[in-house]
Amino acid sequence: MSEKTIMLVCNAGMSTSMLVTKMQKAAETQGLDVEIFATAAADATNKLEQKEINTVLLGPQVRFMQKQFEEKLAPLGIPVDVIDMTDYGMMNGEKVLGQAVAMING
């Protein structure tokens with residue numbers, strides 16, 4: 001069981017899954033015990049019901065959903081943010097992982 005769980009949300013969960021791999025490698029390098037996974041926006045609610053999520057990052061292509069996610073997750077104390085478009089485009093797993101960890105640590 002991982003200490004913290006990070007959920008990435010995008011349209012289909014496919015391009016984001018490549019970023020998950022890069023983030024997992026960065027987490028291993030840093031010795032962080034995190035579970036990172038990607039899901040399609042349409043399935044995000046199911047995932048939130050199935051797992052204990054610590055933070056949610058939205059892919060730039062679903063940034064328009066940020067307010068909707070914030071309204072749903074704020075009462076649960078789960079922070080939501082949008083992945084920087086440059087970091088997403090460059091698949092910068094280390095930078096995006098840093099963003100997620102900073103959100104978890106408040």
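## Valine 20, helix α1 and its crossing with α5

Valine 20 lies in helix α1, in a model that is predicted. With a relative accessible area of 7%, valine 20 is buried, because buried means under 20% relative accessible area. Leaving aside residues up to four places away in sequence, valine 20 touches Leu8, Ile36, Phe37 and Ala38. One of these partners, alanine 38, is 18 residues apart from valine 20 in sequence, while the two C-alpha atoms are 6.8 Å apart in space.

Helix α1 also meets another helix, α5, and the table gives the residues of each helix together with those that make the contact.

| Helix | Residues | Residues in the contact |
|---|---|---|
| α1 | 15–30 | Leu19, Lys22, Met23, Ala26, Ala27 and Gln30 |
| α5 | 93–105 | Gly93, Glu94, Val96 and Leu97 |

The axes of α1 and α5 come within 8 Å of each other and cross at roughly 75 degrees, which means that α1 is roughly perpendicular to α5. The contact draws on residues of both helices, including Leu19 and Met23 of α1 and Val96 and Leu97 of α5. When the residues of this contact are divided by character, 6 are nonpolar, 2 are polar and 2 are charged.

Phenylalanine 37, which is among the residues that valine 20 touches, takes part in a further arrangement, since the charged end of lysine 51 sits over the ring of phenylalanine 37, 5.0 Å from the centre of that ring. How many aromatic pairs does the structure hold? The structure holds 0 aromatic pairs.

Technical notes. Residues are numbered from 1 along each chain as its sequence is written. This is a predicted model: local features need pLDDT of at least 70, side-chain atom pairs count only at pLDDT 80 or more; totals for chains, interfaces and linings use all residues. Side-chain values use heavy atoms; hydrogens and water are left out. Rings of Phe, Tyr and Trp (its six-membered ring) pair if their centres lie within 6.5 Å; planes under 30 degrees apart count as stacked, over 60 as edge-to-face and the rest as tilted. A charge sits over a ring if NZ of Lys or CZ of Arg is within 6 Å of the ring centre and within 35 degrees of the ring normal. Axes are lines fitted to C-alpha atoms, for helices over the stretch in contact, and angles run from 0 to 180 degrees between N-to-C directions. Helices (H or I, at least four residues) and strands (E, at least two) are DSSP runs, numbered from the N terminus. Angles under 35 degrees count as roughly parallel, over 145 as roughly antiparallel, 65 to 115 as roughly perpendicular and the rest as oblique. Contact means heavy atoms within 4.5 Å. Ala, Val, Leu, Ile, Met, Phe, Trp, Tyr, Cys and Pro count as nonpolar, Asp, Glu, Lys and Arg as charged, and the others, Gly among them, as polar. Buried means under 20% relative accessible area, exposed over 50%, partly exposed in between (1.4 Å probe, protein chains only).
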